[in-house]
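Hello,

Here is the structure I promised to pass on. Please open it first, then read my notes below.

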2 protein chains.
Amino acid sequence: MLLIRNAELDGRKVDLKIEHGRFAAVEPAGIHREWRAAREIDASGKAVTPAFYNTHTHAAMTLMRGYADDLELMDWLSNHIWPLEAKLTEEDVYLGTRLAILEMIRSGTVFFDDMYWFQRGTLRAVREMGVRACLGLLFIEGEDGKVLERNLRSNAEVLEAVGQDPLVSIALAPHAIYTVSETTLRLVREESEKNGSRVHIHLAETRAEAEECRRKHRCSPVAYLDKLGLVNEKLIAAHCVALDDDDLALMSRKRAVLAHMPCSNLKLGSGMFRFHDALRAGCRVTVGTDGASSNNNLSMLDEMKFAALVGKHRCGSVTGVTAKEVFHAATAAGAEAFGIAAGRIAVGMEADCILWDLHHPALLGFDLISNLVYAADPSVVDTVVCAGRVLMENHRVPGEAEIVAAARERIERLQQLIGE
Amino acid sequence: MLLIRNAELDGRKVDLKIEHGRFAAVEPAGIHREWRAAREIDASGKAVTPAFYNTHTHAAMTLMRGYADDLELMDWLSNHIWPLEAKLTEEDVYLGTRLAILEMIRSGTVFFDDMYWFQRGTLRAVREMGVRACLGLLFIEGEDGKVLERNLRSNAEVLEAVGQDPLVSIALAPHAIYTVSETTLRLVREESEKNGSRVHIHLAETRAEAEECRRKHRCSPVAYLDKLGLVNEKLIAAHCVALDDDDLALMSRKRAVLAHMPCSNLKLGSGMFRFHDALRAGCRVTVGTDGASSNNNLSMLDEMKFAALVGKHRCGSVTGVTAKEVFHAATAAGAEAFGIAAGRIAVGMEADCILWDLHHPALLGFDLISNLVYAADPSVVDTVVCAGRVLMENHRVPGEAEIVAAARERIERLQQLIGE
């Protein structure tokens with residue numbers, strides 16, 4: 001059991017009782033002095049809000065942060081990222097993911113939806129650090145039209161390792177419609193129907209992808225996936241930059257989830273997501289960070305500011321995307337997309353939350369949500385709780401120094417391998 | 001005298017000797033063990049770079065952070081910001097500016113170019129906190145076509161108070177071409193010619209301003225100012241969103257300074273600055289944050305990330321604006337614009353610098369400048385030195401708690417005054 005006392009929640013002071021990973025009571029502060037718990041946090045001067053749910057990333061790519069930035073996409077991928085990735089080991093993925101999770105916890109994120117390989121390494125890091133995750137079974141096809149051997153091996157390994165875990169789910173993750181054939185996508189659909197798995201895919205990330213799809217399949221990427229039966233409430237579609245009105249309407253009608261990554265979309269030159277239009281169409285819009293190579297951090301705070309400001313520009317109206325809409329997308333909508341009963345601080349909900357330091361200069365001002373979206377940086381996050389477990393308290397994550405040192409040593413090894 | 005030992009500078013380890021506010025020696029680490037100083041900082045595990053120069057802000061507006069966000073510009077100004085500003089006192093400006101400077105120091109900024117009134121309050125905060133500043137003598141005309149009485153009074157007060165100060169300069173700050181008449185602008189030019197003052201103005205901030213100028217004066221805002229003799233190396237032109245190629249060429253030829261505020265431009269719906277084109281035209285591009293009401297923080301780190309990512313989008317090329325170009329604009333170019341001999345860590349330069357915590361997760365990776373622009377947040381800033389004086393060490397600014405408490409109390413007073 002965990003008690004959080006004197007936290008500000010929507011302008012009132014509350015005490016929170018957390019049992020079995022859920023909020024068991026949310027009461028006005030001070031009226032239950034008899035409550036006792038093994039751990040008690042005094043949240044005086046702190047506000048409590050839901051935590052962040054990062055709906056698309058490649059966590060282990062923290063090891064490649066800042067590598068070969070500011071290059072054209074294909075130059076960056078073919079001449080730098082892919083050759084480096086070919087040298088990664090499961091241990092690298094474990095250590096890079098630990099660093100990623102450390103960074104995520106420090107910025108208030110308790111869940112991430114991951115797409116990478118050596119997922120057993122990812123799983124190990126997730127379990128050690130106590131966050132939630134959805135791990136994708138990755139499918140990319142080689143030039144022979146077959147799913148890569150290393151995908152199949154890594155997928156089998158993580159499936160064997162994961163078993164039943166209340167904090168970890170497994171998705172099917174075909175990389176994209178241009179790297180996976182129709183045959184494989186149909187198999188993915190069958191598998192998803194059989195066991196109810198989510199399907200996580202890069203979709204309509206660039207105009208080039210949409211144009212190629214129209215040439216090849218005579219329809220948009222969304223319509224193509226729909227023909228294959230994959231546009232439904234289990235779909236997590238990352239990027240969704242090149243969507244037309246019909247695509248938005250279809251995604252809305254079928255209750256598919258859109259994962260929005262404004263920083264990555266700008267950094268890689270993919271364009272601007274139609275946030276305002278997607279909300280108006282009734283879409284389930286969530287927020288992700290993408291990997292650290294194309295962002296270059298994993299802070300949902302950065303992502304929210306970009307989502308709001310770029311969203312306003314994209315729709316041509318400063319009222320078109322608001323701080324509250326973005327905050328909802330980054331919190332409650334993300335949780336909902338993955339079936340996690342969280343996103344509100346209320347009895348019965350999963351006990352995921354952030355305590356924010358109200359004495360931080362960036363949080364002085366008129367409106368908490370506005371300040372979190374437009375002004376906050378990770379140093380404003382004081383304490384992070386996931387499923388009732390305290391992952392960070394007073395800005396400290398246990399084991400931080402060792403995690404950083406081990407990742408630093410790995411990065412130096414990679415630099416030597418590629419002769420940088 | 002101040003010694004900084006074992007700092008990483010462009011990949012080498014150096015010891016820095018600082019005397020009389022300047023770098024007196026920059027030597028390989030460890031070879032001058034005989035150096036002695038009253039204060040010595042061990043910068044092991046830290047990188048040293050130039051500090052940030054914020055070339056356009058309204059510092060005291062930290063008191064209005066998050067007030068009435070996500071509204072249309074004129075609704076926001078007329079119904080919220082202006083009525084609130086009418087209630088401000090010199091003490092408010094002093095306390096709000098202290099909070100602003102605290103936030104700036106924490107994010108590595110040692111100089112700001114300010115435009116506001118009650119500048120004596122600003123000056124008091126600047127001197128107490130030890131940063132550099134350029135304070136504008138503000139000119140806004142009322143409906144009677146005369147410069148506001150409160151401007152004239154505040155301007156006279158700060159002029160009397162400032163005297164000779166090596167860290168503080170005074171600029172002439174006509175608010176904008178639509179709030180100040182040609183007559184006043186001509187007087188500003190005469191005054192600038194007489195005493196060499198810089199001229200700080202909002203210029204071509206929106207398309208509406210440019211269109212109105214064309215209707216009224218048959219030319220662009222830049223061409224209009226040029227006719228009045230104000231486009232020269234003393235001009236600090238804030239925003240510059242609505243510039244055409246001729247404007248860029250003129251600004252370049254006359255060596256005028258452009259202050260770029262990407263967050264504010266997006267948040268207020270002003271549009272996107274042509275960063276790539278401005279650099280290609282040879283313009284002196286610098287970076288500012290604008291006030292906290294339209295940003296909503298004063299972090300040059302946020303501003304750099306937006307400048308780079310939005311700059312890429314604006315020019316349609318991911319290589320069109322690079323991390324190194326943005327970092328230069330936010331550091332050396334800003335210093336140069338205000339005649340401050342800084343922006344490089346080298347003997348004879350003003351001793352302004354930042355020590356960055358290389359053990360922070362966001363700085364692990366391949367390229368320091370890339371990580372500072374794309375991945376860093378203020379928690380990465382460890383130590384800040386301005387004119388040889390240590391303003392922050394180990395993430396701590398002296399007097400922080402009192403500054404925050406006093407500002408918080410003022411914000412609550414303002415909230416009561418407006419009945420929020």
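These notes cover confidence, then chain A, then the contact between the chains.

Keep in mind that this is a predicted model. How sure is the predictor of chain A? The mean pLDDT of chain A is 96. In that chain, 100% of the residues reach 70 or more. For the complex, the predictor gives an ipTM of 0.97 and a pTM of 0.98.

Now the fold. Chain A has 15 helices and 16 strands. Its C-alpha atoms fill a box of roughly 65 × 45 × 45 Å along the principal axes. Does the radius of gyration point the same way as a compact globule, or the opposite way? A compact globule of 420 residues would have a radius near 22 Å, and chain A has 21 Å, so the two agree.

What share of chain A is buried? The figure is 59% of its 420 residues. Contacts also reach far along the sequence. Take the contacts in chain A between residues at least 6 apart: 72% of them join residues at least 24 apart.

Next, the two chains together. How many residues of chain B are in contact with chain A? There are 47, and they meet 47 residues of chain A. On the chain B side, five elements give two or more residues each: α2 (90-106), α9 (262-267), α11 (300-315), α14 (368-374) and α15 (400-417). By class, that side has 22 nonpolar, 14 polar and eleven charged residues.

Best wishes

Methods
Residues numbered from 1 in each chain as written. Chains lettered and ligands numbered in written order. Predicted model: local features only at pLDDT ≥ 70, side-chain atom pairs only at ≥ 80, totals over all residues. Helix = DSSP H or I, 4+ residues; strand = E, 2+ residues; numbered from the N terminus. Rg over C-alpha atoms; globule rule 2.2 N^0.38 Å. Buried ≥ 20, exposed ≤ 12 C-beta atoms within 10 Å, placed from the backbone. Contact = placed C-beta atoms within 7 Å. pLDDT = per-residue confidence, 0-100. Nonpolar A, V, L, I, M, F, W, Y, C, P; charged D, E, K, R; others polar.
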